[in-house]
Amino acid sequence: MTATNGGPTGTRQDTVAAVVRQWHSVHPDLDTAPMEIIGRINRCAALLQQAEDAPLRRAGLSRPEFDLLGALRRTGHELTPSELARETFSSGAAVTKRLKQLTERGLVERRGDTRDRRVAHVRLTDAGRDLVDGILPEQLAYETTVLSGLAPQGQGELAALLGELLGELEGRLGALRG
């Protein structure tokens, strides 16, 4: 629980709570409540990235590579690199680099479009599909362990709130792009 502008309340303290307290002492007139949310989301994301995903690491994959393979697996059909960029929230250059590495490993195949030579289509190889299908249950178990400190009800509430925030952000950014 947090108190607006006054910093966190309750028994648990975190890095963001200390930052908010410091800002509050420097600028007591400012509402630091947004920092308590955005700061914690950013800090959680940074810690999760630092920890990396153990099952993926054992398979020699990064999270962005797995996301790309996962996009191909869950959609069930070929995708173009630009579609993969949209699916994985990545830049075109990043997708191109990852596709090159995954192709060299035999996990994806690229084929040219019969009508437009500038367009490529990417699909999983059997090895890629087997890798994703083998890692996914282990990855989900790992993520369950990461979240195990939160009660199931808290996990549901957090998922709903983050989904609401994400929907708002995607809507705003989509409107800005359109």
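**Notes on the fold, one helix pair and a nonpolar patch**

1. The protein has eight helices and four strands. Going along the sequence, the order is β-β-α-α-α-α-α-α-β-β-α-α. Bear in mind that this is a predicted model.

2. Some overall numbers. Of the 178 residues in the protein, 25% are buried. The accessible surface is about 12100 Å², with 58% of that belonging to carbon and sulfur atoms. As for contacts between residues at least 6 apart in sequence, 50% join residues at least 24 apart.

3. Have a look at α4 (residues 63–75) and α5 (residues 81–88): their axes come within 10 Å and cross at roughly 105°. An angle of 65 to 115 degrees counts as roughly perpendicular, so that is the label for α4 and α5. On the α4 side the contacts are made by D67, L68, A71, L72, R74 and T75, and on the α5 side by L84, E87 and T88.

4. On the surface, I'd point to a nonpolar patch of about 730 Å², made by I37, I38, I41, L48, V146, L147, L150, L158 and L162. The elements giving two or more residues to this patch are α2 (33–51) and α8 (152–177). Helix α2 gives the most, with four residues.

5. One patch member to check is L162, which sits in helix α8. Is L162 buried or exposed? Neither, strictly: its relative accessible area is 38%, and partly exposed covers the range between under 20% (buried) and over 50% (exposed), so L162 counts as partly exposed. Patch residues need over 30% relative accessible area, and L162 has 38%.

Notes: Residues numbered from 1 in each chain as written. Predicted model: local features only at pLDDT ≥ 70, side-chain atom pairs only at ≥ 80, totals over all residues. Heavy atoms only, no water. Patch = residues over 30% accessible without salt bridge, like charges linked within 9 Å, V, L, I, M, F, W, Y side chains within 5 Å. Areas by Shrake-Rupley, 256 points an atom, 1.4 Å probe, with all protein chains shown as cover. Salt bridge = Lys/Arg side-chain N within 4 Å of Asp/Glu carboxyl O. Buried < 20%, exposed > 50% of the residue type's maximum accessible area, 1.4 Å probe, protein only. Axes fitted to C-alpha atoms, helices over the stretch in contact; angles between N-to-C directions. Parallel < 35°, antiparallel > 145°, perpendicular 65-115°, else oblique. Contact = heavy atoms within 4.5 Å.
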